[in-house]
Every structure is written in structure tokens, then in C-alpha cells.
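Please open the model in your viewer with the cartoon and side chains available, and follow the selections below in order.

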Amino acid sequence: MNQESKGNHLIFDGCDTVELAKQYKTPLYIVSETCIINKCREIHEDFLRKYKNTKAVYASKAFLNIEMCKLITREGLGLDVVSGGELYTAIKGNVPMKDVVFHGNNKSLDELKMAVSYDVGRIVVDNGYELQMLSQIAKEENKIVHILFRMTPGIDVKTHKYISTGQVDSKFGVPFQNNTLHDYVCEIEKMSHIKLEGFHFHIGSQLLDNEAHLMALEVLLNLIKDLRDTIGFETSEINLGGGFGIPYTKEDEPRGIKYFIEPMMDKIYEKCQLHSLSIPQVVIEPGRWIVGEAGMTLYTMGSIKDIPGVRTYASVDGGMPDNPRPSLYNAKYEAVIANKYDKVEDEMVTIAGKCCESGDILIWDLKVPAVEPGDILAVMRTGAYNYSMSNNYNKLPRPAVIMVKEGNSRVVVRREMYEDLIRRDVLFNE
Ligand SMILES: Cc1ncc(COP(=O)(O)O)c(C=O)c1O
């Protein structure tokens, strides 16, 4: 993280966070452009330049807006979208459509039509129903649509069950068991307007070791061999999804992209050579790993309630609407007092949000210096799945998003106003 101190103030990518809070108000999402650029460059160095025929697409569900589309395109990555809304944003953000990968377990007819009409590079088909719809659309549009099929490798992973997606009992993809995928491949081979390029798995998110990815890859490579041996199908592309974890707390070990990629690429080369398979194009789709550490959220502290012998609640001006992850997954975050950054942390408080929910707690038992109303709390590593999961519960307006880089800051998403909260309400004259 681009984090340091000046006097008592926390500095992030060259910007004084206390000044940012004053200038742009709180709650406030801050995103370090430098951090995102460094991550993209690491992907270039340790993956794209190192191995031939590889591609990296950013999983936009982690954090998406027009500025992010531009930044990711500038940095030479593609974009993974999962809905018509994300695709619309990519279109408006001028992302080249050939570099877009369209996912989703229940894409609608309209979303598929949109993807086909814009010539999205890859559509990752999740199920047979979608395949039939897509085949029909492709025929009507008289286009050849290039697809991957999502398979569930049957791997249980070490993460929260809500972000675990590769097990057999999953709403995503088609299990590799019982020849189901063989049958689909045979069916697709007969389709005039669908070209199956290969397969995709995404086994879960926030994985801090590479065990599960390697197990899933083993299943996928066996499938590829089997399809070649039994029905002569040659796989030209595999997409290994995302899921690469980041350190949210001191207990989590930071992982470079190399940690995840190298053993997978070694395995691909080894297995393909062993079975005389041609090396397919390899695609990865990191989301959190690219943006998670680039984000920080600033809040202003309000009421500080000490319940003697129990705990002290320090409440902030945001909460579960701007960061649903603690209440959704029991996600852990670290935070500091941005205006007392150099002070000794000798007290303990629990950071409460302002929503009418007892579960609206951002951080339990945070060590802080003595705090008072008006202090600025900086919650670290909020770049992924915070802004993108934010909502207006209790009619709280969503915070602005500020991009910072080497001491400069600019608004990339403006703060919602009260008028925004009723903009879509239909008003009838009495
Ligand atoms: C298909 C697919 N690819 C990539 C990702 C990105 O995951 P992460 O942000 O953990 O890298 C997801 C997340 O849900 C996904 O569903």
C-alpha cells in the first residue's frame, strides 16, 4: 500500500487523507491509481510477458466505473462483465469489445442479444438453457459466437461459503461428472453459429493459497485430454478465473500474482507435454487482487458510547451500505485514525455503522489511540466489493469515489445527493 505519515496524518498515494476528508466530505472511497497500475504491471511481468498466448481480464464486479474502464484498458487488460449493466459501463468506458468476457449463471435473452450485437469477445456459457438461447440469437444475427463453457470442478475451497463457487453443489456452471460436458461439447459441435473455444472455472474468491486452483486445473486438464481422446475435441483456450486473495489483516500473507500463476503454468506445460496436447491460450480474471489493496474508506466518527465493563462503540457516518462485507461474510478489516496516525493505540473500540441493524458493525475490537467525535477513521483495503456492493439502505446516499495518484486527487464518481435517492420514484399529482 502507498501509505505513510506526515505529522499525525495518514498519507495515501501522496495525498493527506485528513485533507481529503475535509475537501470531499465523508464517507469517502479513495482509490490509489498507482496501486492499480502496479498490480497490472505485475501481471504483465509475471504472466503476460513470461508466457506466450496468455490474456488477463479484470473482473469488473470488484469495482467498476467509467474511469476504471479507461485505466484497465490503458494498462492492457481486458474486462470481465457479468450483467448487461456491467457491459453497458464497459461500452460507455470504450473498452474494446473483443477484450470483454461475459459471465453469469442466468444471463437474460436481452443481455445475450446485447453481447452478440456488440461482438463481445467471449461469452462464457453457464448452462444448457443459455446455450440454446445463444445459438438461436447467433443464427438470427448470422454471427459466429465464440464461447467457453463454465465447468464446476467439484473442489471445496478454504473461503466463506458465499464466495465459494467450484463445488459440485453450486449454482454456477456444469459439473464435469456424468459426461454432462461431453454431451454439451457434442451438441455444440453441431451448432452452426457457435464456436466452442474451451472451458472456464472460477472456484471462489479471496483464496490465500494455491492448492484449490491447482486441484481444479488438474480436473480441467484431465477433461481436455479426455475430450480429445474420446471425441477428438481440441481445446484452444482455458480460463482459470480469479479468486487470488489479498491480505486484509496482519494474519493474511501477501501473495504476488506469481505465487498463483507459476505453479498453474508449470502444470499446464507439464501435462500438455505428457499427453501431447497443444498448449491452449490461458486467461486469468483477477478482480480483488487488482483493486482490493488500492482502496481505502474514510469516515468521520460521531457518537462514542462506552458501556462500562462491556465495550466502547465508536459510530461512523457510513456502515453496511458502503461496505456490506463484514455483515455478509464476517469479513475482517484493519483501520487507523487518520488524524492521529502517529499516536499510540492503547484503547479498544468497536466501529459501528449508522444503520438500524445491530449487525451493522464494520470492525470489532479495533485498537486505536484515544478517540473523539470528529476523528477520521481510515478503513484499509476496501477497494474490492465495497463500492460495487454498496446500496442505499436506510436511504444513505452512496459516497463519492476519489482517485488519488502521487499527491493529486480527482472525483471519479460523484457523491449521491438526497435528490438521487428519489430520482426514480414516480410522483403522482394528488
Ligand atoms: C467468473 C469470475 N471470474 C472472476 C471473478 C473475480 O474474483 P476475485 O475478485 O476473487 O478475483 C469472479 C468473482 O466472483 C467470478 O465470478
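Begin by selecting I123 and displaying whatever surrounds it in this predicted model. Leaving out residues up to four places away in sequence, I123 touches F102, K107, L112, A115, V116, E130, L134, V145, H146, I147 and L148. I123 is also, together with F199, one of the residues with the most contacts inside the largest nonpolar core, a set of 110 residues. Helix α8 (residues 211-231) supplies the largest share of this core, nine residues, and at least three residues come from each of domain 1 (3-31 + 293-422) and domain 2 (33-291). If you next select L20, I30, I376 and A378, you will be looking at members of another core, of 19 residues, which lies apart from the one just described.

Two of the neighbours of I123, L112 and A115, lead to the next selection, helix α5 (residues 109-117), where E111, L112, M114, A115 and V116 are buried. Among the elements that cover these buried residues are α4 (84-92), β7 (100-102), β8 (122-125), α6 (128-141) and β9 (145-152). Just after α5, stop at D119, whose phi is positive, at about 55°.

Now move to helix α7 (residues 180-189), and colour L181, H182, Y184, V185 and I188, which are its buried residues. Turn the view so that you look down the axis of α7: the buried residues fall within an arc of 165°, and they therefore line one face of the helix. Packed against these residues you will find α6, β9, β10 (174-175), β11 (194-200) and α8.

The next stop is strand β6 (residues 78-81), which contains D80. Is D80 buried or exposed? With a relative accessible area of 1%, D80 falls under the 20% limit and is therefore buried. Show its side chain and that of K61, and a polar contact of 3.5 Å between the two side chains can be drawn. Leaving aside neighbours within four places in sequence, D80 is in contact with V57, Y58, A59, S60, K61, E86, V101, H103 and E285. Along β6, G78 and D80 point one way while L79 and V81 point the other way, and all of them are buried. Add strand β5 (residues 54-59) to the selection, and you will see that β5 and β6 pair in the parallel sense over three bridges, with A59 standing opposite D80.

For a contrasting topic, select strands β1, β2 and β3, which form an open sheet in the order β1-β2-β3 with antiparallel pairing. The edge positions are held by β1 (3-6) and β3 (15-16), each of which has a single partner strand, so one side of each is left without a neighbour in the sheet. Between β1 and strand β2 (residues 9-12) the antiparallel pairing runs over four bridges, and E4 can be picked out opposite I11 in β2.

Finally, zoom out and colour the chain by its domain assignment, which gives domain 1 (3-31 + 293-422) and domain 2 (33-291). How many residues of domain 1 are in contact with domain 2? There are 25 residues of domain 1 in contact with 25 residues of domain 2, while the centres of the two domains, taken over C-alpha atoms, are separated by 33 Å.

Key
Residues are numbered from 1 along each chain as its sequence is written. This is a predicted model: local features need pLDDT of at least 70, side-chain atom pairs count only at pLDDT 80 or more; totals for chains, interfaces and linings use all residues. Side-chain values use heavy atoms; hydrogens and water are left out. A nonpolar core is a set of buried Ala, Val, Leu, Ile, Met, Phe, Trp, Tyr and Cys residues joined through side-chain atoms within 4.5 Å. Buried means under 20% relative accessible area, exposed over 50%, partly exposed in between (1.4 Å probe, protein chains only). Domain bounds come from an automatic or database domain assignment. Contact means heavy atoms within 4.5 Å. Two strands pair if DSSP finds at least two bridges between them. The arc is that of the directions from the helix axis to the C-beta atoms. A polar contact is a pair of N or O atoms within 3.5 Å; within protein, one must be able to donate a hydrogen and the other to accept it, and residues adjacent in sequence count only if both atoms are side-chain atoms.
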